[in-house]
Amino acid sequence: MGKRDKKQRHPQRNSHRAAFHYTEEGEEGVSYESHAASKYSLSEGEEEVGKKDEEEEEEDEEEEVEIEGNEETDEYPSKDMPSKFLLYQQSVQSPKGDISYLQKFFLMYVGGRQPLHLQEDFCGTALLSAEWLRTDSRRTAIGLDLDLEALDWCMENNINKIGADGYSRISLFHGNVLQPLEAKLIKFEPQELLRNISLTENKVVTESGGLESVLEGGSSSSSHNEIYMRNHPLPARDIVCAFNYSCCCLHRRADLVLYFKHVLDVLSKKGGIFVMDLYGGTSSECKLRLQRKFANFTYFWEQAEFDIIERKTRISLHFHLQKQQKKLRHAFSYSWRLWSLPEIKDCLEEAGFQSVHFWLREMQDTREIRKTEGFGVGRDIKYEEVKKFQQQDAWNAYVVAVA
Ligand SMILES: C[S@@+](CC[C@H](N)C(=O)[O-])C[C@H]1O[C@@H](n2cnc3c(N)ncnc32)[C@H](O)[C@@H]1O
């Protein structure tokens, strides 16, 4: 989520091997745990990108909509097209599965109480936080991200579904995980409140007679009276998480250690954990492209060449909307440094964490995916705590650090 690339009309596409992450809300018969376990694999009925896809792309007359970094985006978002954030949530995220593992890790490594206070760093649209709040009314959540558009979208589309008290139990901050105390609180007027407000020029008059400046840029709040994380009372966190490989957004080792120190600072003195995920395997260090078909759209994961000097690659997510006959190319694009597990462990220990645990699962072999046209072998494989793990074509890991 977040960063946007320059327009790139003809990405190279000569690789059909793929590491791929996805999960789908509402899939039938998939338990919470296996839901999370499905990251970076394909399931029955899904198709890999192969020859067919290339041919389709060559011949396709459908309109392409670039939605990053250029001005030719009038058509997006449009009334008949779903938001890119919605498409992302449906194709990439698996909050129930992640929460199931978060609870399990907390009880294993801390125990003695229920974890109630979550901080989701690199939260994007904070879908995980929303699910966290929705499933237990005692819970609170804090989200932090650089992408204001994603945070605003979260407030309007995810938090409103939690129930009346949702807004009071979440604090979303716009800022950098490397300077969390400088992050600004997103203030939000729930729809119900907005309905009772009348607009007069640049002022908002509430029914109670209160007067506030109209917010620049929509729903999130004013530039004066900013509230920062540093001066906003927040509960000590039981769990901090950073999912969908977000720590790969940090490229410098010093930044990674600094970030982990910030995490440690906010974890409860009674005990807490930090959980992040990471992917790897031989297929993660080469150019890849894969697709997954959903009912109304197809999701494409594209991994650019892998630079072994800096261990960096660029990941682009595209969506192809069949009904609207539109392609949202580069809906999301990330520059990632693919950290290794021992590098992450070293940095966590340097930051002061007491212990670090690796939970891994092998993902579907991308060569196998090609042979079986995406048949979902190994879909229900659970993550297991490991001390050793032989290299595979594709694996996924939760890294759990205990404060
Ligand atoms: C891969 S997305 C992950 C979003 C979400 N956590 C998920 O599970 O799908 C990475 C997110 O990190 C955010 N991000 C990148 N660098 C950041 C930084 N230094 N501080 C805060 N957020 C950052 C981006 O805006 C983007 O929303």
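Mentor: Buried means under 20% relative accessible area, exposed means over 50%, and partly exposed lies in between, with a 1.4 Å probe and protein chains only. This is a predicted model, in which local features need pLDDT of at least 70, side-chain atom pairs count only at pLDDT 80 or more, and totals for chains, interfaces and linings use all residues. Residues are numbered from 1 along each chain as its sequence is written, and side-chain values use heavy atoms, with hydrogens and water left out.

Trainee: Why is Arg169 called buried?

Mentor: Arg169 has a relative accessible area of 10%, and the limit for buried is under 20%; therefore Arg169 is buried.

Trainee: What makes the contact of Arg169 and Asp165 a salt bridge?

Mentor: A salt bridge requires a side-chain nitrogen of Lys or Arg within 4 Å of a carboxyl oxygen of Asp or Glu. For Arg169 and Asp165 the N to O value is 2.8 Å, so the pair satisfies the rule. Asp165, at 31%, is partly exposed. By this rule the count comes to 14 salt bridges.

Trainee: How do you know that Glu305 and Lys287 form a salt bridge?

Mentor: The closest N and O atoms of Glu305 and Lys287 are 4.0 Å apart, and the pair is accepted as a salt bridge. This pair links distant parts of the chain, 18 residues apart: Glu305 is in the loop between strand S12 (297-303) and strand S13 (312-321), and Lys287 in the loop between strand S10 (273-280) and strand S11 (288-293). Strands (E, at least two residues) and helices (H or I, at least four) are DSSP runs numbered from the N terminus.

Trainee: Are Glu305 and Lys287 buried or partly exposed?

Mentor: Glu305, at 46%, is partly exposed, whereas Lys287, at 15%, counts as buried.

Trainee: Why are strands S5 (184-185) and S16 (384-386) said to stand at the edges?

Mentor: The open sheet of nine strands has the order S5-S4-S3-S2-S9-S10-S17-S15-S16, with mixed pairing. S5 and S16 each have a single partner strand, so one side of each is left without a neighbour in the sheet.

Trainee: What makes S15 (residues 355-362) and S16 a pair?

Mentor: Two strands pair if DSSP finds at least two bridges between them. S15 and S16 have three bridges, in the antiparallel sense, so the condition is met. Within this part of the sheet, Trp359 stands opposite Glu385 in S16.
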